[in-house]
Amino acid sequence: MKEQELVGVTLCNTICDIVWTDSLTPDELKEGWHFVIEDFELSNNNWLDDIYEMRESWIPAYYQDELMSWLTCMTSSSESKNQFFWTSL
């Protein structure tokens with residue numbers, strides 16, 4: 001596997017682990033997100049900036065008080081990982 005591909009897989013897995021869990025609080029999510037952005041040197045990525053700004057509408061950490069938050073987490077995580085791997089082939 002090329003180094004660039006390995007970085008992509010690592011980035012995807014790291015973001016998925018932070019975003020698609022309902023065990024983090026919004027503050028923990030924010031801390032983890034900023035760590036990933038710094039660690040992977042993505043501070044100038046407009047797309048990531050945009051989706052982070054919309055985080056309250058799609059990240060499970062903001063739905064912890066909702067009865068079905070775990071379902072969103074499981075479905076979205078699976079879809080996200082499937083999308084990443086299918087488009088990488």
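Start by selecting V36, which sits in helix α2. This is a predicted model, so treat the tour as a walk through computed geometry. With a relative accessible area of 2%, V36 is buried. Now show what surrounds it: leaving out residues up to four places away in sequence, V36 touches L11, T14, I15 and I18. Pick the C-alpha atoms of V36 and L11 and you should read 7.8 Å, although these positions lie 25 residues apart along the chain.

**Zoom out to the whole chain**

Switch to a cartoon view. You will find four helices and zero strands, in the order α-α-α-α along the sequence. The chain has 89 residues, and 29% of them count as buried. If you draw a contact map, consider the pairs at least 6 apart in sequence: 61% of those contacts join residues at least 24 apart. Turn on the accessible surface as well; its area is about 6500 Å², with 53% belonging to carbon and sulfur atoms.

**The nonpolar core**

Next, select I15, V19, W33 and L48. These are the residues with the most contacts inside the largest nonpolar core, a set of 17 residues. Colour by helix, and you can see that α1, α2 and α3 are the elements giving two or more residues to this core. Which element gives the most? That is α1, with six residues. As background, nonpolar side chains in soluble globular proteins tend to be buried together.

Keep V19 selected and expand to its contacts. Setting aside neighbours within four places in sequence, V19 is in contact with L29, W33, W58, I59 and P60.

**Two cysteines in view**

Now select C12 and C16 and show their sulfur atoms. Is either one buried or exposed? C12 counts as buried at 10% relative accessibility, and C16 is buried too, with a relative accessible area of 6%. Why is there no bond to draw between them? The sulfur of C16 is 4.0 Å from the closest cysteine sulfur, in C12, and that is too far for a bond, because a disulfide needs the two sulfur atoms within 2.5 Å. The count for the model is zero disulfides.

**The loop between α1 and α2**

Move on to T21, found in the loop that links α1 (3-19) and α2 (26-39). Although it lies in a loop, T21 counts as buried, at 16% relative accessibility. Show side chains here and add a distance label: the T21 side chain makes a polar contact with the side chain of S23, at 2.8 Å.

**Around helix α3**

For the last stop, select residues 46-53, which form helix α3, and highlight its buried residues L48, I51 and Y52. Look down the helix axis: these three cover an arc of only 105°, which puts them on the same side of α3. L48 may be familiar, as one of the residues with the most contacts inside the largest nonpolar core. Now rotate to the face turned away from the buried side, where you will meet the exposed residues N46 and E53.

Finish at the N-terminal end of α3 and select N45 together with W47. What caps this end of the helix? N45 does: one of its side-chain oxygens lies 3.1 Å from the backbone nitrogen of W47.

Technical notes:
Residues numbered from 1 in each chain as written. Predicted model: local features only at pLDDT ≥ 70, side-chain atom pairs only at ≥ 80, totals over all residues. Heavy atoms only, no water. Buried < 20%, exposed > 50% of the residue type's maximum accessible area, 1.4 Å probe, protein only. Arc of directions from axis to C-beta. Polar contact = N/O pair within 3.5 Å; in protein donor to acceptor, adjacent residues only side chain to side chain. Contact = heavy atoms within 4.5 Å. Areas by Shrake-Rupley, 256 points an atom, 1.4 Å probe, with all protein chains shown as cover. Core = buried A, V, L, I, M, F, W, Y, C linked by side-chain atoms within 4.5 Å.
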